[in-house]
Amino acid sequence: MITRIRAHISKELLLLFRDRAGLALLFAMPACLVVIMALVQDAPFRDFSDRQLQVVYKDLDRGDVGRQLREGLERSGSFTITDGTGMTPGMFLDAIRKGQYQVGIMVPEGASKVLEARASSTISSVFGPLTGTGTGPGAELDSATVRVIMDPEVKHAFRQLVHASVRGILSGLSSDRLLDGMRAELEQVTGDSLVMPVVTEPFVDLHEEMAGGELMGERVAHDSTQHNVPAWTVFAMFFTVVLLGGNMVKERESGRMLRLLTMPGGTGERILGRMTAYLMVCVAQGILLVLIGMWFLPLIGLPQLRVAGPSMIVLLFIAAVPTALAATSLGVLVGSMSRSQQQSAVLGSTFVVIMSAIGGIWVPLYIMPPAMRALGQLSPLHWGLEAFNVPLLREGDLWELLPSVAPLLLFSVVCIIAAIVAERRATYR
Amino acid sequence: MTVPDIRAEGLVQRYRHSGTNAVDGLDLEVRSGEFLGLLGPNGAGKTTLISMLTGVLRPTAGQAFIQGLDIVAETQRVHGLIGFVPQEIALYGEFTARENLAFFGRLQGLDRATVREHGNHLLERAGLLDRADEPVRRWSGGMQRRLNLVTALLHRPPIVFLDEPTAGIDVQSRAAIRELLMEVHAEGVTLVYTSHHLEEAERLCSRVVIVDHGKVVAEVTDPQALAAHERLEDLFLQVTGRELRDRS
């Protein structure tokens, strides 16, 4: 039996090696897809990580507020600032409207004086009763407004970022000025020279971390490479369905199946041999695409695929095998159920494309609406992607693989049993 | 009493969709070393009968035995005893002749050395040895037909079924196949052969059975001995009629 299964494996592999179009479909197409999709999705992924917004900055104040606001925005690292002080108001608005800059910030003339006046007024209202120098109630104070103008294309998340950044810096400036004023008043009251502590960090600390292993460098949870390499690897594995199913139908339609049916060995052996061959192909696809992620994508300016250590490589392999098994099982089922090669090609490719779309292959599931997220849980490609994400994103362990691997194995068993039944019906009339 | 190589008792194959019998209670015995010609018009039940005798099709009723082995209960053992040449070219066109033989030989449990030895011998007899390393799809139809036969003989089975092995090929290839079949028959192999070439059957077979409507309607024990005025074709038309048998 082993000899016969090995014969079927060799035959399938040899058929594949002789089929240049098939090889291109199995290896060149997913390699191109990984590169193209990683390039296409690089910018959107950076939106959520380290992309910088282009800001044109018009400082009409030319005082502390204008200067310190600009310095604060530059320090945040989220903005690339261009000086637009020399622009006319019309040029300034046009530059934003035409998309040359995503954000325009205009600090009005006299903003520093307004800050100074309001701080002094507040301090006087507190210390006036002590020193007898307070301003009387009802004194009219000037106001100043920093204008933030947005390109309509800028997403809501970025608007929030700009708003929070500007407000945070302005609040900091107001607090600093108040502290400074209070120190002066206290010195006047006590007659001593006071040294006020410089507060650079909030008293209550903030720490951000990923819900998973620590990724190296300044990386955040996801980038284009880390999403696209596993996603298109899973897609490529499942796309073998088209070739596998087609070859099965081709064999059945020709006299070859009739000869095979009159030779020792049954349906199970033929299916097992075929699945083992394609399992090897799927693992080879996985190795190729991971190597592309690790070595080729960085060469074209994309983030490198990070695999954190040898244990994660082992885990990656363990994730690949049940995914490949599910893909090949689906392939033999499609091949067994189809009555023609066209039917097999249409059935296989349509199923895989739809399942990949809802399974989070094209765009991550987490940015889909809740209904689509729920639907995506039913896709075997989603389970495969989740299995790959355990070593690649979460740096998890074998136990964390189980929730994804278990449905893949169950799916495989169901497909294989159904394939054997359908194949027997199609061949032994 | 020696066990016949092939024995069929009341074999029935009923079409589920039409309810008609393709093979209708057929009895047949083929002794070891016989060259049996199975003749009949289109739709007579020849291919269905061969499909049942080779274990591809499960009989609706009746039993069949190959060297005493029940074809349903002991299909795997039966498959080790038979060779089969289907009507279609049952080869991998992308493979060379040697690669085709290697694959089918391994399924029959032959080791590499045996496949090479038997394969070269048969390829030479079929006039294919010098092109044995070319992909089969580049070959002519006649060459493919010859390899189709060689593949069935590779494991030296004692019984070979041939379903129209010379259909649609040139005279030279047909002659080469005939010669190879006669050599194999001379070596003691039992052959069961279907064809529409009545003269060919007359020349090759040691016995001819004419089948129609799933039953044996005539039998000629020594077709070569038929007198000139008793041509097999006349007998064939006499027992099967002149009505056209176009398949729907």
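Two strands pair if DSSP finds at least two bridges between them. With that in hand, here is a set of close-ups from this predicted model.

**View 1. Strand 1 and strand 2 of chain A pair in the parallel sense.** Strand 1 covers residues 53-59, strand 2 covers residues 79-83, and five bridges join them. To find your place in the ladder, start from Leu53(A), whose bridge partner in strand 2 is Phe79(A). Between the two strands the chain runs through helix 4, residues 64-76 of chain A, and the resulting β-α-β crossover is right-handed.

**View 2. Chain A as a whole is the setting for several of these views.** Chain A holds 15 helices and four strands. Of its 429 residues, 46% count as buried. If you like contact statistics, take the contacts in chain A with a separation of 6 or more: residues 24 or more positions apart account for 81% of them.

**View 3. The largest nonpolar core has 66 residues.** Within this core, the residues with the most contacts are Phe238(A), Leu297(A), Ile361(A) and Leu381(A). Several helices of chain A each supply at least two of the core residues, among them helix 1 (2-17), helix 2 (20-40), helix 10 (267-296) and helix 15 (398-427). The largest share, 14 residues, comes from helix 8 of chain A. As background, nonpolar side chains in soluble globular proteins tend to be buried together.

**View 4. Ile361(A) and its neighbours come into focus here.** Leaving out residues up to four places away in sequence, Ile361(A) touches His227(A), Ala231(A), Trp232(A), Val234(A), Phe235(A), Ser356(A), Leu381(A) and Leu385(A). A second, separate core has 42 residues, including Leu123(B), Ile169(B), Val184(B) and Leu232(B).

**View 5. Val35(A) is a residue of helix 2 of chain A.** Its relative accessibility is 16%, and the cut-off for buried is under 20%, so Val35(A) counts as buried. Leaving out residues up to four places away in sequence, Val35(A) touches Ile292(A), Phe296(A), Leu297(A), Ile300(A) and Leu302(A). For a distance to check on screen, try the C-alpha atoms of Val35(A) and Ser224(A): they are separated by 10.0 Å, with these positions 189 residues apart along the chain.

**View 6. Phe235(A) and Phe239(A) form an aromatic pair in helix 8 of chain A.** A search of the whole structure finds eight aromatic pairs over all chains. In this one, the ring centres of Phe235(A) and Phe239(A) are 5.3 Å apart and the planes meet at 25°, so the pair is stacked. The two residues are four apart, about one turn of the helix. Phe235(A) and Phe239(A) are both buried.

**View 7. Tyr92(B) and Phe103(B) form an edge-to-face pair.** Their ring centres lie 5.6 Å apart with the planes at 80°, so the geometry is edge-to-face. Tyr92(B) lies in the loop between strand 6 (82-85) and helix 3 (97-107) of chain B, while Phe103(B) is in helix 3 of chain B, so the pair ties together parts that are 11 residues apart in sequence. Both Tyr92(B) and Phe103(B) are buried.

**View 8. Ring pairs link Tyr92(B), Phe95(B), Phe103(B) and Phe104(B) into a cluster.** One ring of this cluster, Phe104(B), has Arg259(A) lying over its face, at 5.3 Å from the ring centre.

Notes: Residues numbered from 1 in each chain as written. Chains lettered and ligands numbered in written order. Predicted model: local features only at pLDDT ≥ 70, side-chain atom pairs only at ≥ 80, totals over all residues. Heavy atoms only, no water. Core = buried A, V, L, I, M, F, W, Y, C linked by side-chain atoms within 4.5 Å. Buried < 20%, exposed > 50% of the residue type's maximum accessible area, 1.4 Å probe, protein only. Contact = heavy atoms within 4.5 Å. Phe/Tyr/Trp six-rings, centres within 6.5 Å; stacked < 30°, edge-to-face > 60°. Lys NZ or Arg CZ within 6 Å of the ring centre and 35° of its normal. Right-handed = clockwise from strand over helix to strand, strands pointing away.
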